[in-house]
Amino acid sequence: MRRILILGSTGSIGTQALDVIRANRDRFEIVGLAAGRDAEGLRRQAEEFGVAATALGAGDAERLVRSVEADVVVNGITGSVGLGPTLAVLETGAALALANKESLIVGGELVTRRAAPGQIVPVDSEHSAIAQCLRSGEAGEVRRLVLTASGGPFRGRTREQLREVTPREALAHPTWDMGRVVTTNSATLVNKGLEVIEAHLLFDVPYDRIDVTVHPQSIVHSMVEFVDGSTIAQASPPDMRLPISLALDHPRRVAGVGAPLDWTTASTWTFEPLDTAAFPSVSLAKQVGVAGSTYPAVFNAANEQAVEAFHDGALPFLGIVDTIARVVDAHEPPAELTRESLADAERWARTTADRLIAAG
Ligand SMILES: NC(=O)C1=CN([C@@H]2O[C@H](COP(=O)(O)OP(=O)(O)OC[C@H]3O[C@@H](n4cnc5c(N)ncnc54)[C@H](OP(=O)(O)O)[C@@H]3O)[C@@H](O)[C@H]2O)C=CC1
Ligand SMILES: CC(=O)[C@@H](O)[C@H](O)COP(=O)(O)O
Ligand SMILES: [Mn+2]
């Protein structure tokens, strides 16, 4: 029986983790639940699963991580506020089922050097796919990682055609039903930029050997190309319960967790290059990834501020990535990366982004 603690239990990842556990009560026991502000939703979940240990807010979630004994902690919190809980999980020695990509990207080596080999199990669909593709290979045999991107709701549009798009349109993701921030990030392709950095940190492959291809069907979740020219891809209908279940009982698979592909009807999978003129965020993310230090944290913090401003009607859609670029450009990294210098850089990035947005 695996003891599971879920952070962000009321969100998209959290509720899908609960779906998997509800259907497999003989394999999993929930020992703790944490949400942000939805106290009533959290209370109902705790009642359903008979859980006594709960927390509201990131600080409380971090305390819960340290006080409850768990085998696996799912970090399904949104945003860089998930960093404290991520570091706390790594300290406890529990496996970290990581959906909160922001904490890894923002923390960088502060996170990776605290993690034991295999302690971080990716939940993000692309990284779960890559981990599955790598199961049978040697590190030296990997030539390239290829992350798939759906292209989001605005795939095929020119930069000019993105000028007037609305928050409602940005939230209409073509293939996945996710929380507001990650859905907006899919529309700007910032999500894919963050995922390139996430892939570099998880699999230690240099940025010039991590590519993105646009695959609108979201069936091939990513691929690994090997030195002999062979490519292994992981494919399944878009359903996060599959990567979540793999992380909950890693390395075992949970039978029946998702529907398999249907090979009896005609279907088409397509792949196309990313339009980097309309969507410059992936190139920008690669630049900040290569620069390292506090640059990825600054990129992410500026994005978080810009996404909120976009939904508040204070910033046009194109302003999101433009703001990130301006904040990154103005950043001066600290001499040393520590939790303090990281927090300072994030604060600076948020203030700078807010100032640029207010100035219009
Ligand atoms: N949804 C998906 O399919 C995928 C998501 N991810 C990643 O997983 C993470 C979660 O995404 P998703 O589930 O879609 O997001 P949601 O917005 O649906 O859920 C976010 C969860 O985090 C909680 N939360 C928010 N702020 C805080 C805080 N300050 N302290 C503690 N908890 C907080 C929310 O609580 P409350 O409800 O109380 O506000 C909620 O439970 C993100 O990093 C995202 O990029 C990655 C791949 C796929
Ligand atoms: C399901 C998942 O992992 C998301 O992060 C997904 O990647 C979003 O889709 P796109 O960013 O490819 O549009
Ligand atoms: Mn993803």
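A residue counts as buried when its relative accessible area is under 20%, as exposed when it is over 50%, and as partly exposed in between. Keep that in mind as we look around this predicted model.

Let's start on the surface. Phe-271 has a relative accessible area of 40%, so this residue is partly exposed. Phe-271 sits in the loop between helix H11 (241–248) and helix H12 (281–291). Together with Trp-263 and Trp-269, Phe-271 makes up a nonpolar surface patch, and the accessible area of the three adds up to about 370 Å².

Ser-12 gets the label partly exposed too, because its relative accessible area is 23%. Here is how the two look side by side:

| Residue | Where it is found | Relative accessible area |
|---|---|---|
| Phe-271 | loop between helix H11 (241–248) and helix H12 (281–291) | 40% |
| Ser-12 | helix H1 (residues 12–22) | 23% |

Ser-12 also turns up in a database record: an unreviewed UniProt entry gives it the feature "binding site", along with others including Thr-10, Gly-11, Asn-100 and Gly-179.

Now for the metal. Which residues are the protein donors of the manganese ion (ligand 3)? They are Asp-124 (OD), Glu-126 (OE) and Glu-195 (OE), and they lie 2.1 to 2.2 Å from the ion. Along the sequence, these donor residues follow the spacing D-x1-E-x68-E. That brings distant parts of the chain together: Asp-124 is in the loop between strand E6 (120–122) and helix H7 (125–133), while Glu-195 belongs to helix H10 (residues 190–203), 71 residues apart. Both Asp-124 and Glu-195 are buried. As for geometry, the manganese site has six donor atoms with angles of 67 to 164° among them, and it is octahedral.

Methods:
Residues numbered from 1 in each chain as written. Chains lettered and ligands numbered in written order. Predicted model: local features only at pLDDT ≥ 70, side-chain atom pairs only at ≥ 80, totals over all residues. Heavy atoms only, no water. Patch = residues over 30% accessible without salt bridge, like charges linked within 9 Å, V, L, I, M, F, W, Y side chains within 5 Å. Areas by Shrake-Rupley, 256 points an atom, 1.4 Å probe, with all protein chains shown as cover. Salt bridge = Lys/Arg side-chain N within 4 Å of Asp/Glu carboxyl O. Helix = DSSP H or I, 4+ residues; strand = E, 2+ residues; numbered from the N terminus. Buried < 20%, exposed > 50% of the residue type's maximum accessible area, 1.4 Å probe, protein only. Donors = N, O, S within 2.8 Å, 3.2 Å for Na, K, Ca; no water. Tetrahedral: all angles 85-135°; square planar, octahedral: opposite > 155°, others 65-115°. UniProt positions renumbered as here; feature names shortened; annotations may be inferred.
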